[in-house]
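This report describes how two chains meet and how selected charged side chains pair within them. The sequence and structure are shown first.

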There are 2 protein chains.
Amino acid sequence: MRIGHAQRIGDGALTGTTVVVPGPDGAVAGVDVRGGGPGTRETDALDPRTLVDRVHAVVLSGGSAYGLASASGVMDALGDARIGFRVGADPSEVVPIVPAAVVFDLGRGGDFRARPDAALGAAALAAAVEGPSAQGVVGAGTGALVGGLKGGVGTASETTASGTVTALCVVNAAGSAVDPRTGELWAVRHLTDEDATPPALPADRTALLTRIAAAGAPPTLNTTIGTVWTDAALTVAQCAKLAAVAHSGLARAIRPTHGMTDGDTFFGLSTTERPAPDLAGLQALLTAGADVVTRAVGNAVLAAETVSVAGGTYRSYRDVVAG
Amino acid sequence: MRIGHAQRIGDGALTGTTVVVPGPDGAVAGVDVRGGGPGTRETDALDPRTLVDRVHAVVLSGGSAYGLASASGVMDALGDARIGFRVGADPSEVVPIVPAAVVFDLGRGGDFRARPDAALGAAALAAAVEGPSAQGVVGAGTGALVGGLKGGVGTASETTASGTVTALCVVNAAGSAVDPRTGELWAVRHLTDEDATPPALPADRTALLTRIAAAGAPPTLNTTIGTVWTDAALTVAQCAKLAAVAHSGLARAIRPTHGMTDGDTFFGLSTTERPAPDLAGLQALLTAGADVVTRAVGNAVLAAETVSVAGGTYRSYRDVVAG
């Protein structure tokens, strides 16, 4: 799986687009939309009752519904590369299946009209590389906020006996990633040695909690979106189940979540490189699918850095903890 | 309700976009996706459990999933006009809610890459006018085929005690609008004095049936899409119900329908200009909602004219009946 990020920061902009790109044959995919304010594209094609079972990229983008335009740039570039669902006799006759979901970040850079377009989607695709993804203020996480602190992109991975499971989340929630009683991340009990190390909390916990509360005015519209993928062979319905448990992982990392102003959406993908799991193997994959999302949310918050642009200064959790 | 069409015919193109535009406050909307190969945008926002209940335009487009780009042009133009869901303090801070669905017509004009883009969507919006819509080879129906004959755009309207119900369909199906045993339109028993008059069938019915069968090689991918709207006040869930019965009307007019290669999708809209109906009134609206779709399909086929472009000659039902 290749990941590509493109972003615009400054001149009124604080937004970006992230593309998750399987091999040219695509990946089996399902989706679960559980937020009250979703902005999506091509999710109906992921219903298990439909003809198409593979996607050729998943686009995660800022820009609210305007940002769905970024998927058009990805589609055009994939189509030019003859990657897509074959619809005619000639190999060039393909329709790339490119589902997309967006987060609300309009105006955070200062200019309400600075939002991802088709060109930014194409740039994210062109930047896609294998290996660990960049995290923090990058791609679709560029303009993200979580509970009034700086959000961003986070990832995490776990290997089970049946296959690996990896999550990439764009953390942008009305709810908070921080327990207001302790100042700890909600995700902290799920983090592993592979994850970022949370900062040591100051002895004066009351002062910390006051700083967090002061920074924590939730913006009006939000949304956490992400993609969870495995190399185990799953059906479309099982990919939708993987996307569903991703929301369980989200619920452990952010509170509240899945509200009316969150458009929380997850895509579940299978590259089918490994055999289909048996029931116990599938259960282990699903448990891991939730856990990697919780950890990815924690990693996003821990990787995010304070950003100052014309639209405002958005402080990171680390900086608020440091004082 | 205003309707706008834009199309490209010639130079390899045979495609277009149609926009259904309520007043600036939008219309309550629901959706029902029942085909096996849908291409859609912003349908998740129409779930009755979500925050947004009004749409500011519905885009129907050729170009398969590539054609979803046309909705971006409509969104940008509506946003510039400050029409949309208000997300900030300034009146310019709006996100237009513009669901879209597409039909497959790629390559029918001769050039597989000639497909609707954002500019064509904006052109369709700019062309939107009140009053009866153009029918036949126009807008999203420009490249449409039905059972191998020329398809297109069709409309029909009915007034009930609780309100009027109007359908606009883009008829582009793998199935046929013609009964292969008689040569009649399947819709013929539902047409009224307000609809187009079907042609008199020739005495030599066997020759007619042979001509229809010869013309009737179904293309590989299709989809009938449409919008049904009423002035009676409906909830989002009731609008989704109106969209659901639209598929019943489609089933009466085309056989087979809702197959794996059809992406059949209907939007149901309420302008809320008249009071909410009681149960009997709602039942009457739903009965009418199915009937206007059946009639609209018939009108689309009867309005379609034979088209000859680089991609081929697509004969109309009327011309095939005439010999």
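## Axis and interface

R41(B) is the residue of chain B that comes closest to the rotation axis, with its C-alpha at 2.1 Å. The model is a predicted one. A turn of 180° with a shift of 0.0 Å along the axis lays chain B on chain A with an RMSD of 0.0 Å. The two copies are thus related as by a two-fold rotation axis.

The copies meet through the same surface, because 100% of the interface residues of chain B are also interface residues in chain A. Chain B brings 41 residues to the contact, and chain A brings 41 residues. Between them the two chains bury about 3,000 Å², and 57% of this area lies on carbon and sulfur atoms. Three residues, D44(B), Y66(B) and F112(B), supply 19% of the area that chain B buries against chain A, more than any other three residues.

Polar and charged pairs also cross the interface. There are 14 residue pairs in polar contact between chain B and chain A, counting pairs with both residues at pLDDT 80 or more. Four salt bridges are counted between chain B and chain A. R115(B) forms a salt bridge with D76(A), with 3.2 Å between the closest N and O atoms.

Which elements of chain B each supply at least two residues of the side that touches chain A? They are strand 4 (40-41), helix 1 (69-80) and strand 8 (94-95). Helix 1 of chain B gives the largest share of that side, six residues. Sorted by class, the side of chain B that touches chain A has 20 nonpolar, 12 polar and nine charged residues.

## Salt bridges within the chains

Over all chains, the structure holds 16 salt bridges. Some of those formed within a chain are listed here.

| Pair | Closest N to O distance |
|---|---|
| D195(A) and R295(A) | 2.7 Å |
| R252(A) and D291(A) | 3.7 Å |
| D195(B) and R295(B) | 2.7 Å |

The side chains of D195(A) and R295(A) meet in a salt bridge. This pair links distant parts of chain A, 100 residues apart: D195(A) lies in the loop between strand 13 (163-171) and helix 3 (205-215), and R295(A) lies in helix 5 (residues 279-303). D195(A) is buried, with a relative accessible area of 8%, and R295(A) is buried at 4%.

A salt bridge also joins R252(A) and D291(A). Here R252(A) is in helix 4 (residues 236-253) of chain A and D291(A) is in helix 5 of chain A, 39 residues apart. R252(A) counts as partly exposed, at 39% relative accessibility.

In chain B, D195(B) and R295(B) meet in a salt bridge. D195(B) sits in the loop between strand 13 (164-171) and helix 3 (205-215) of chain B, and R295(B) in helix 5 (residues 279-303), 100 residues apart. D195(B) is buried, with a relative accessible area of 9%, and R295(B) counts as buried at 4% relative accessibility. In chain A, salt bridges that share partners join E194(A), D195(A) and R295(A) into one network.

## Surroundings of T155(B)

T155(B) belongs to strand 12 (residues 152-159) of chain B. Is T155(B) buried or exposed? Its relative accessible area is 16%, so T155(B) is buried, the cut-off being under 20%. Leaving aside neighbours within four places in sequence, T155(B) is in contact with S133(B), Q135(B), A167(B), L168(B), A296(B) and N299(B).

Technical notes. Residues are numbered from 1 along each chain as its sequence is written. Chains are lettered from A and ligands numbered from 1 in the order in which they are written. This is a predicted model: local features need pLDDT of at least 70, side-chain atom pairs count only at pLDDT 80 or more; totals for chains, interfaces and linings use all residues. Side-chain values use heavy atoms; hydrogens and water are left out. Contact means heavy atoms within 4.5 Å. Buried area is the accessible area (1.4 Å probe) that two parts lose on being put together, summed over both. A polar contact is a pair of N or O atoms within 3.5 Å; within protein, one must be able to donate a hydrogen and the other to accept it, and residues adjacent in sequence count only if both atoms are side-chain atoms. Helices (H or I, at least four residues) and strands (E, at least two) are DSSP runs, numbered from the N terminus. Ala, Val, Leu, Ile, Met, Phe, Trp, Tyr, Cys and Pro count as nonpolar, Asp, Glu, Lys and Arg as charged, and the others, Gly among them, as polar. Copies are superposed by least squares on the C-alpha atoms of residues with pLDDT of at least 70 in both. Buried means under 20% relative accessible area, exposed over 50%, partly exposed in between (1.4 Å probe, protein chains only).
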